[in-house]
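Student: I should like a close look at a single part of this protein. Please take the parts around it in turn as well.

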Amino acid sequence: MASLKDQLGGLVYSTEKGDTCPACRRPLAECECNEQAEQARLAELDGIVRIRRETSGRKGKGVTTLEGIPLPAAELKTLAKELKKRCGTGGAIKEGVVEIQGDHRELLKGELEKRGYRVKLAGG
Ligand SMILES: [Zn+2]
């Protein structure tokens with residue numbers, strides 16, 4: 001996958017003055033902090049997507065959570081959007097975990113398997 005920096009290559013020059021990243025103090029155009037955090041998160045995954053239903057502290061049917069999808073944030077967002085549409089419901093992404101409102105475990109398992117993911121129904 002081309003990094004954002006590569007995608008912007010040719011458009012952004014080091015002479016350009018802009019904000020600097022508070023973590024690495026490099027110009028934001030050259031900062032790779034988000035990318036590195038993202039890679040660290042992905043490196044910890046075992047390639048298995050775990051589907052859970054969580055009801056505690058939630059109204060109605062709770063949410064179905066998809067944990068461990070091995071995708072970078074932008075692609076995860078696209079996938080979550082497709083899955084929400086497929087389930088006809090809303091949802092969110094929290095720290096790499098996709099939350100889909102309602103109980104859609106079987107449907108989501110099928111959708112992810114169709115896309116080539118290894119899926120486990122966990123808990124609940
Ligand atoms: Zn940085």
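In which helix does glutamate 38 lie, and what surrounds that part of the chain?

Tutor: The model is a predicted one. Glutamate 38 belongs to helix 2, which spans residues 33-43. With a relative accessibility of 18%, glutamate 38 counts as buried, because the cut-off for that class is under 20%. Leaving aside residues up to four places away in sequence, glutamate 38 touches Leu71, Pro72 and Ala73.

Helix 2 begins at residue 33, and Cys33 is one of the protein donors of the zinc ion. Cysteine 33 is partly exposed, its relative accessible area being 24%. Cys21, Cys24, Cys31 and Cys33 each provide an SG atom to the zinc ion, at 2.3 to 2.4 Å. Along the chain these donors follow the spacing C-x2-C-x6-C-x1-C. The angles among the four donor atoms run from 104 to 117°, and the site is tetrahedral. For four tetrahedral donors the ideal angle is 109.5 degrees.

Ala73, a contact of glutamate 38, falls at the start of helix 3 (73-87), against which the buried residues of helix 4 pack. Those residues of helix 4 (residues 105-114) are Arg105, Leu108, Glu111 and Leu112. Viewed down the axis, they fall within an arc of 130°, so they line one face of helix 4. Their other packing partners are strand 1 (48-54), strand 2 (63-67), strand 4 (97-101) and strand 5 (118-121). On the face turned away from the buried side, helix 4 carries the exposed residues Glu106 and Lys114. Just beyond helix 4, glycine 116 adopts a positive phi of about 95°.

Technical notes: Residues numbered from 1 in each chain as written. Predicted model: local features only at pLDDT ≥ 70, side-chain atom pairs only at ≥ 80, totals over all residues. Heavy atoms only, no water. Helix = DSSP H or I, 4+ residues; strand = E, 2+ residues; numbered from the N terminus. Buried < 20%, exposed > 50% of the residue type's maximum accessible area, 1.4 Å probe, protein only. Contact = heavy atoms within 4.5 Å. Arc of directions from axis to C-beta. Donors = N, O, S within 2.8 Å, 3.2 Å for Na, K, Ca; no water. Tetrahedral: all angles 85-135°; square planar, octahedral: opposite > 155°, others 65-115°.
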